[in-house]
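Q: Hi! Could you walk me through a structure? I'm new to this, so plain words please.

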Amino acid sequence: MSEQELIDAIKRQDPHAYRSLIDQYQPLVLNTCYSFVQSEDDAKDLTQEVFIEVIRSIKKFRGESKISTWLYRMAVNRSLNHIKKYKRRSLFGEVEEINKGDFTASDSFNADKSIEDQERSKVLFDAINSLKKNQRIAFTLHKVEGVSYAEIAEIMNITTYSVESLIYRAKSNLQKKLLSYYQKNMQ
Amino acid sequence: MNCKEIHNKLNAYLESSLDDDQLRDFNMHLDACDTCKKVVSEMELTMQILDRPVKLEADPFMHTRIIAELENESETVKWKFKQVLQPVLLGMIILVGVYLGIGLGNRFYDEDVFSNQQDSEVNLIDLEIDTYANITSDIETFLLSEE
Ligand SMILES: [Zn+2]
């Protein structure tokens with residue numbers, strides 16, 4: 001089934017088409033949400049919300065971009081809103097928009113990790129979350145999700161050059177933040 | 001190299017972009033400075049987390065839950081119409097009916113007083129009112145008979 005055929009079938013409210021869409025794109029949506037929120041349960045809830053929103057608003061989809069681009073956008077927006085709702089004090093200064101709760105051993109991300117590595121993950125994702133929003137989106141999509149610069153450009157509606165520059169700045173700011181954190185906490 | 005230079009060169013070190021001489025100096029400082037050694041090692045271990053991102057397994061029941069949720073939602077919409085919109089519509093129709101009734105009554109009263117002058121006008125209005133009344137009762141019948 002082509003993308004257009006799939007969309008047409010969803011517009012006709014065909015449940016088989018819903019299933020095709022979900023089966024085909026669940027890994028993309030789930031892992032994108034997870035790369036932002038870092039909690040498996042929250043990522044699953046958000047994924048469900050994203051698909052429900054997509055199916056509900058399918059009439060608005062004009063096919064000017066790929067379904068995947070649309071899904072990435074929704075996944076990023078939902079995840080960032082979710083993080084905003086569960087602000088807590090970050091390791092990196094001011095109150096940051098950060099994932100709900102701390103990392104726990106029950107998270108599959110951390111299940112096979114040592115306490116030290118869990119702590120490092122927490123430090124790392126706190127630092128990423130304290131980056132400027134655009135840097136954070138570009139960096140997370142690229143570094144954690146492995147999305148290409150060209151696709152990030154489409155998702156964020158900016159040029160590939162801007163994506164490169166955002167990721168470069170994100171990485172350099174991230175290293176600065178981590179360096180100053182470890183300098184303070186290593187004495 | 002001193003500690004400050006280590007910090008400045010750290011990004012390049014982590015990206016493996018130091019040349020041989022710089023790398024030698026960098027490592028020489030780390031051998032001599034415990035603090036920098038610890039910091040650099042932590043930085044490396046932390047940044048390495050990004051090189052092995054965890055992929056979640058797709059949830060095999062995701063589509064079942066979503067389709068159930070969507071069906072549930074459309075049921076809710078129907079329910080809302082029956083429970084909320086239908087009585088509101090009925091109420092509005094009754095109000096219109098009452099209003100028309102009062103209007104009609106007044107017309108007949110007027111007609112008694114000015115019967116001679118207003119014959120043609122009254123007939124015309126009667127016609128209009130009849131039409132309204134028919135439509136109204138049609139809708140009422142429709143709404144009440146629905147299920
Ligand atoms: Zn040093």
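Here is a short chat about aromatic rings and a helix crossing.

A: Happy to! One thing to know at the start: this is a predicted model.

Q: Cool. How many aromatic pairs are there over all chains?

A: The structure holds three aromatic pairs. One of them joins Phe61(A) and Trp70(A), with 4.6 Å centre to centre and 40° between the planes, and it is tilted.

Q: Are those two buried or exposed?

A: Phe61(A) is buried, with a relative accessible area of 6%. Trp70(A) is buried too, at 14%.

Q: And what about Tyr13(B) and Phe26(B), why is that pair stacked?

A: Their ring centres are 4.3 Å apart and their planes are at 10°, so the pair counts as stacked; the cut-off for stacked is under 30 degrees.

Q: Where do those two lie?

A: Tyr13(B) is in helix 1 of chain B and Phe26(B) is in helix 2 of chain B, so the pair ties together parts 13 residues apart in sequence. Tyr13(B) is buried at 16% relative accessible area, and Phe26(B) is buried at 0%.

Q: New topic! How do helix 4 and helix 8 of chain A cross?

A: Their axes come within 9 Å and cross at roughly 65°, which makes the two helices roughly perpendicular. The crossing is right-handed.

Q: Which residues make the contact?

A: Helix 4 of chain A brings Ser68(A), Thr69(A), Tyr72(A) and Arg73(A), while helix 8 of chain A brings Glu151(A), Glu154(A) and Ile155(A).

Q: And by class?

A: That contact has two nonpolar, two polar and three charged residues.

Terms used: Residues numbered from 1 in each chain as written. Chains lettered and ligands numbered in written order. Predicted model: local features only at pLDDT ≥ 70, side-chain atom pairs only at ≥ 80, totals over all residues. Heavy atoms only, no water. Phe/Tyr/Trp six-rings, centres within 6.5 Å; stacked < 30°, edge-to-face > 60°. Buried < 20%, exposed > 50% of the residue type's maximum accessible area, 1.4 Å probe, protein only. Helix = DSSP H or I, 4+ residues; strand = E, 2+ residues; numbered from the N terminus. Axes fitted to C-alpha atoms, helices over the stretch in contact; angles between N-to-C directions. Parallel < 35°, antiparallel > 145°, perpendicular 65-115°, else oblique. Left-handed = near helix turned anticlockwise from the far one by under 90°. Contact = heavy atoms within 4.5 Å. Nonpolar A, V, L, I, M, F, W, Y, C, P; charged D, E, K, R; others polar.
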